[in-house]
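Me: Hi! I'm new to this one and would like a friendly walk through some of its parts. Can you help me look around?
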Amino acid sequence: MEEFLKQCQQSGDAAYSALRSLLERLENPNTRKDARIFLAELHKQFDTKEASEKCLDTYHFQIQDIYVEQYEGFEKRKKLTLMVIPSIFIPEDWSFTFYEGLNRHPDSIFKDKTVAELGCGNGWISIAIAEKWSPLKVYGLDINPRAVKISWINLYLNALDDSGQPIYDGEKKTLLDRVEFHESDLLSYCRDNHIELERIVGCIPQILNPNPDAMSKMITENASEEFLHSLSNYCAIQGFVEDQFGLGLIARAVEEGISVIKPLGIMIFNMGGRPGQAVCERLFERRGLCINKLWQTKILQAADTDISALVEIEKNSPHRFEFFMGLVGDQPICARTAWAYAKAGGRISHALSVYSCQLRQPNQVKKIFEFLRNGFDDISSSLDLSFEDDSVADEKIPFLAHLTNVLKEISFFPYEQPAGSRRFRSLISAFMRTYHRIPLTADNIVVFPSRTVAIESALRLLSPRLAIVDEQLTRHLPRQWLTSLSIEKTEAAKTSEEDITVIEAPRQSDLMVELIKKLKPLVVVSGIAKFESVTSAAFEHLLDTTREIGCRLFLDISDHFELSSLPTSNGVFKYLAGTPLPSHAAIVCGLLKNQVYSDLEVAFVISEEATMFRALSKTVELLQGNTAIISQYYYGCLFHELLAFQLADRHPPAQRVGEKAKAKEAFGFSSSASSVLDSAELSINETDESPLIHMDVDQSFLPITTPVKAAIFESFARQNIAESEIDVTGGIKQLVHFSYGFPSNGNTEFIYADCPVALFNKLVLCCIQEGGTFCFPAGSNGNYVSAAKFLKAKVINIQTNPEVGFKLTEKTLGRSLENVHKPWIYISGPTVNPTGLVYSNEEIKTLLTVCAKFGARVVLDTSFSGVEFNSKGCDGLDLGATMEKLSSINPDFCVSLLGGLFFKMLTGGIKFGFLLLNKPSLVDAFHSFGGLSKPHSTIKYTLKKLLDLQEAKSGDLLNAIAEKKELLGSRYKRLKETLEKCGWEVLEAQAGVSIVAKPSAYLGKNVKIKNGAGARAIKLDDSNVREAMLLSTGLCINSAAWTGIPGYCRFTIALEESDFKRALDCITKFKSVITN
């Protein structure tokens, strides 16, 4: 004993060395008994409070009793005997208050559970938990290696009696069976050893450390006592938003806890109330935890704690910390006042609370945090899973978990049919089958960006002379339709297709029917009143009336469609459950009733007529491109949640029986629309059994970059987004000025849409309204040309020459415009789609000069620019001075800049279009058409983040874009080489994601196509090369009919790598099936 104390007296390090030797004896079963008896003798020597405190001063350790129960008759021991040393956390009010909070739980809270205590110090709380509640295992964890050694000593001190014999509990176990101590930075030990926990407790006193380097030293047993003790009171910057309040370490503990806790586990933490109760509680709630405050008291602020860092925070922010004057003060004071009061000799206190926390929807929250840990830590501060309404949480959390799965598992957004993602359409049909017993399939459903777009698209497809539309559905229809008075069918109109006239009707079936009978419209678009929706009578009356006069009916059920596990039925669904939807009728439904993103809309149209399904699919492709895939993912997740818990359908709906009633032949499609849809080279719909390779779509399938994924997730994870955070105008303005020198001022109108094609089509309508002619150079985007024809614009093609790569020249443009009335000129530039050539600044300047001479409206489409991979000498455009000069030549001349960030930022499936208009009359005309599907706030947030990163020249984003450009350059070379080896004549490309090539060696030759058991031969020419390539290899390309350049086909190169390799193989295979 004397030798032991003599060694301890030398210094704190010497005392620790002596205690470590004692622990080695306790760990050895042969010397354990004697070592424990030695500890008993040591305890007796310092068994009074005075002796214990003197021991700490003299011998650098202290051995004392802590009373954990105050009432007689409790079946377990009332006290624990514990040792401490100066370099570890000494039990004080923080830990005692925390233990009191643990005591507020029922006895079953820890029984037979696996528990971890963070920051265990000398281990007394871990030992007390094991002693009182008999857990399966308690892991006491501390970053201080000396604390772990002392904890083991205390475990032996309480697991064995004074004679060195084990103390057994009612289950014949000792504390040594139930408790372990390990050196661990928070939960790293459990994570590294794959230990799943059911309870996590943490008494982590902390305050903001003004020195970010405080934790940079190596933590070892031999570190100074002062440094090791500082681990208990301060925390370094942890990389969390809560760092500014001194709560960063608890924030990290919570997030690490989410990764290792079992789904129904509970975390219990103490929280100093200095930052304010709201800040403390938000730390848990924004991470998806439901909290319960178990206990709260006030404790005196340690006299040696410097709160000047908090004073500085208050000085530089509106936040105010909460302190109290003494223990009895009930009015909070700020840190500055508390600092002054303490300096003057006063004692300050702060609240101390104990919170019990449990994950809301634990499996989904775990997925979200797993995603954030894998390279997305920077956006964790944006996550907000706090909800006042449980229904909002039930909708948002599963979607965020689904989104993390999507962003983690896919490297790119896959090709989806213009009719909508097949998975999404299948989920809609499954919901209708399961909840309403309506036997639909994915091929009965077409998806649109919005209900307004669906209705307008259907009307443009049918082009009725007269339509009656529910007055509640006309708000966004073109103004011209609602002001026309041409309701009678004149002789002159019998063979021509005049503008559509829309008559508004009240939402009441008897009044609607009366109007239909009197006016005999060709199309009716109606909703159904709530009082009439209970039965099917009103719906059947509308069906019968429209059938009798041969008009089409589109019934809107948006107000009656519920995304719920207990949806209210209605008369329409009851009717459809037993009777097929007649061929002249379709159902329109807009999905907008989500709890989280109020302006996120998707719509779908149900038709059981295959012809109408195909026509609507092609119409949405021409007018909209497709519906935003993220929006489909969102609502798809809601449908999935409502279907996932159910067993597979055990009672399939009965087979449909054909319509019995004889109907007058329904009004058909517009002849011009039918002609365009039949001739347009639109995307090919694949089946699940035969996946195709798409080199025929304007979409990037390149890997989505990490900055883009981060921005997408953050846009959905955030709450309470400020308007300034989704205002992209400043970024767009800077982008177009830097890239194209396009002038913008106070009169410039910035218009945004889901995609550039929707904006382009509105410009076509402006051209039609002006009585203009839309002029396309040969070698333009085939879908744009077809869309203009579909909208019944007057279209002419400007021939281009192979000598200049089929670019427009001053000579060809001038010659073409000589006899054109009110010309509108489409120019794809600086990158030309589909040829991949690039216009120089001088070339564009020359073209604009010609256009100004003829007073032309110019649509400069930059949508396909921004990925130049071989454009030396092309430094972008500088349109400012040129446009200012040319505007004075002819007042009719103007340039409208159309663009998108799809290719500029390589944003994968995130589509966005912008349009800059400088002419007031054109702005008014544009807005008169309405119905534009605008990008959701999450899309704008994503793009604002990316634009800001680009402006800040963020290395991650710029490097990623540079890599993609390099990849596209490599792809171009590989494709060019393969095509030329196989007899194709390739036009040299410089930029973009597509090239054109001519099958010179194949034209006029035969290709054998398998046809069932046999085969047929096709003689190749411009009109059938696409079909031959598709049928013989499964590769989709665009033919000369699409490119507008005789003989030249279009190939896109922004494919996923394995698909690109397969495409090259298909091109080689095609050569092998060619015969003479």
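Me: In which sense do strand 16 and strand 17 pair?
Reply: This is a predicted model, and in it strand 16 (residues 585-591) and strand 17 (residues 602-606) run antiparallel, joined over 5 bridges. One bridge pair is Gly590 with Ala603 in strand 17.

Me: Which helix packs on the sheet there and touches strand 11, strand 16 and strand 17?
Reply: That's helix 17 (residues 422-436). The direction of helix 17 makes about 120 degrees with that of strand 11.

Me: And what does helix 21 touch on the sheet?
Reply: Helix 21 packs against strand 14 (523-526), strand 15 (552-556) and strand 16. With the direction of strand 15 it makes about 160 degrees.

Me: What order do the strands of that open sheet come in?
Reply: The 7 strands go 11-17-16-15-14-12-13, with mixed pairing. Strand 11 (445-448) and strand 13 (501-505) are the edges, each pairing on one side only. From one strand to the next, the twist averages 20 degrees.

Me: Back to helix 21: at what angle does it pack with helix 22?
Reply: About 65 degrees, and the axes of helix 21 (residues 537-549) and helix 22 (residues 571-578) are 8 Å apart. Phe539, Glu540 and Leu543 in helix 21 meet Val572, Tyr575 and Leu576 in helix 22. By type, the residues of this contact are 5 nonpolar, no polar and 1 charged.

Me: New topic! How do strand 23 and strand 24 pair?
Reply: Strand 23 (residues 857-861) pairs with strand 24 (residues 894-900) in the parallel sense, over 5 bridges. Asp861 sits opposite Leu898 in strand 24.

Notes. Residues numbered from 1 in each chain as written. Predicted model: local features only at pLDDT ≥ 70, side-chain atom pairs only at ≥ 80, totals over all residues. Heavy atoms only, no water. Axes fitted to C-alpha atoms, helices over the stretch in contact; angles between N-to-C directions. Helix = DSSP H or I, 4+ residues; strand = E, 2+ residues; numbered from the N terminus. Contact = heavy atoms within 4.5 Å. Nonpolar A, V, L, I, M, F, W, Y, C, P; charged D, E, K, R; others polar. Pairing = 2+ DSSP bridges.
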